[in-house]
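User: Could we go through this structure together? I would like to start with how the strands are arranged.

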Amino acid sequence: MVAQSKRTGGLIDCDIHPVLSDFNELVPYLDESIQQYMNIGKFAKGALAKQNSGSFKFPSSPYANPLPVPLRADAFPPNGDIPGSDPAFLAQDLLDRCNTTYGILNIGHGTMAAFHNVEVAAKYTSAANDWLYDKWIKSDPRYRMTMEITPLDPAMAVKEIERIGKRPEIVGINMHCVNIPLGKRHYWPIYEIAEAYNFPIVLHPDSEGTGEYAATAGVGPASTYMEWHTSLGLIGQRNVISLVADGVFEQFPNLKVNFIEYGFSWIAPTMWRMDKNWKALRHEVPWLKMLPSEYIRRNIRFGTQPIEEPARPKDLIEIIQMIDAEHMLLFCSDYPHWDGDELDRAFLHFPQELKDKIFYQNPLESFRF
């Protein structure tokens, strides 16, 4: 483990991934019909239905990570279980080491956001939320969480928000991406309650390219994991354009949308292109009262991981400064994933004032604390 110097300022990590070590952890939260559907609990055939060996599978993805160990090799807890499965060890290995004020947990074992059976997806989602709260949130006062919802069924999503959304440890709604652009009115009931509860919408890669209701990467499916991983920025770009052009931020001016793990350098040319087109085509979108870039700066935030790495590191600083994005970036470690960003390395060339904003002030203002 690379040593991290203790920090004196606050630090909010906006993307930490807890995982199930075994689907049977969800048994106490699921009725028997869903347990039977998932082949867990007393319905498991043979050995316990493990996450990687049970007969139940999430919608299969053709983009399996090709690395032998897609999780950090130095993040295995002492009991040898999966990295990200032990709340106490993660708190010691990450929060203590980095002197983290708050760590925001975004479920990392896969969701059912694009699963075709929304009844199963909704029950699984509720179970996963309760599991995360009971096992993780109660274990350490520094943990905060985003709650999962079912984006294919806004009515079910609203019910889930009403069920647990007033818990103070829940700081956002982790919605995930399906094949409906984020600006469409399909989502507006979710945005309405999110704004009322002061929740940001968090968009995090999960279901892209994994099933019939999953978002596609622009012109079609990728051939390899490398293509898929690199193309995530295209999905982020498409959804930013949709949110602005469809008038979401005129209808919900206080709503924040946080794009986590889609990169961020692409937002500069997106803002420039949208502003140019709006000047010529504003008659198509008469509901927009400001430049598109102004809505983006006001309502949208971006996680720093995976941080772009230009040949001249200071070029990235210049991009941030030229579009006035200092207040738009949120620190994300992506622990325990292999491509996560370490504090002392990823931000080596960032000025201290900018790091202070990214590490603490921006997350504090972008989630419900």
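**The sheet and its surroundings**

Analyst: In strand 2, Tyr102 is the bridge partner of Ile12. Please keep in mind that this is a predicted model.

User: In which sense do strand 1 and strand 2 pair, and over how many bridges?

Analyst: Strand 1 and strand 2 pair in the parallel sense, over three bridges.

User: How many residues of strand 1 are buried?

Analyst: Five of the five residues of strand 1 are buried, so the strand is largely enclosed by the rest of the structure.

User: And what is the strand order of the whole sheet?

Analyst: It is an open sheet of eight strands with parallel pairing, and the order is 1-2-3-4-5-6-7-8. Strand 1 (12-16) and strand 8 stand at the edges with a single partner strand each, so one side of each has no neighbour in the sheet.

User: What holds strands together in a sheet, in general?

Analyst: Strands of a sheet pair through backbone hydrogen bonds, in either a parallel or an antiparallel way.

User: Moving inwards, how many bridges join strand 3 to strand 4?

Analyst: Four bridges join strand 3 (residues 143-148) to strand 4, and the two run parallel. Met145 stands opposite Ile170 in strand 4. Helix 4 (residues 154-164) packs on the sheet and touches strand 3 and strand 4. The direction of helix 4 makes about 150° with that of strand 3.

User: At what angle do helix 4 and helix 5 pack?

Analyst: Helix 4 and helix 5 pack at an angle of about 15°, and their axes are 8 Å apart. An angle under 35 degrees counts as roughly parallel, so helix 4 is roughly parallel to helix 5. Helix 4 passes helix 5 in a right-handed crossing.

User: Which residues make that contact?

Analyst: Helix 4 contributes Pro154, Ala157, Val158, Ile161 and Glu162, while helix 5 contributes Pro189, Ile190 and Ile193. By class, the contact of helix 4 with helix 5 has seven nonpolar residues, no polar ones and one charged residue.

User: New topic: the backbone. What is usual for phi and for peptide bonds?

Analyst: Most residues other than glycine have a negative phi, and most peptide bonds are trans.

User: What is phi of Asn99, then?

Analyst: Phi of Asn99 is near 55°, which is a positive value in a residue other than glycine. Asn99 is found in the loop between helix 2 (87-98) and strand 2 (102-105). With 31% relative accessibility, Asn99 counts as partly exposed.

User: And His176, is that residue buried or exposed?

Analyst: His176 is buried, with a relative accessible area of 1%; the cut-off for buried is under 20%. Phi of His176 is also a positive value, near 70°. His176 has its place in the loop between strand 4 (170-174) and helix 5 (188-196).

User: Where is Pro306 found, and what is the peptide bond from Gln305 to Pro306 like?

Analyst: Pro306 is in the loop between strand 7 (300-303) and helix 10 (314-322). The peptide bond from Gln305 to Pro306 is cis, with omega near 0°. The bond from Tyr335 to Pro336 is cis too, with omega near 5°. Pro336 lies in the loop between strand 8 (329-330) and helix 11 (343-346).

User: One last residue: how far apart are Arg282 and Ala245 in space?

Analyst: Arg282 and Ala245 are 9.9 Å apart, C-alpha to C-alpha, and 37 residues apart in sequence. Arg282 sits in the loop between helix 8 (267-281) and helix 9 (292-299). Arg282 is partly exposed, with a relative accessible area of 43%.

Terms used
Residues are numbered from 1 along each chain as its sequence is written. This is a predicted model: local features need pLDDT of at least 70, side-chain atom pairs count only at pLDDT 80 or more; totals for chains, interfaces and linings use all residues. Side-chain values use heavy atoms; hydrogens and water are left out. Buried means under 20% relative accessible area, exposed over 50%, partly exposed in between (1.4 Å probe, protein chains only). Two strands pair if DSSP finds at least two bridges between them. Contact means heavy atoms within 4.5 Å. Axes are lines fitted to C-alpha atoms, for helices over the stretch in contact, and angles run from 0 to 180 degrees between N-to-C directions. Angles under 35 degrees count as roughly parallel, over 145 as roughly antiparallel, 65 to 115 as roughly perpendicular and the rest as oblique. A crossing is left-handed if the near helix is turned anticlockwise from the far one by less than a right angle, and right-handed if clockwise. Ala, Val, Leu, Ile, Met, Phe, Trp, Tyr, Cys and Pro count as nonpolar, Asp, Glu, Lys and Arg as charged, and the others, Gly among them, as polar.
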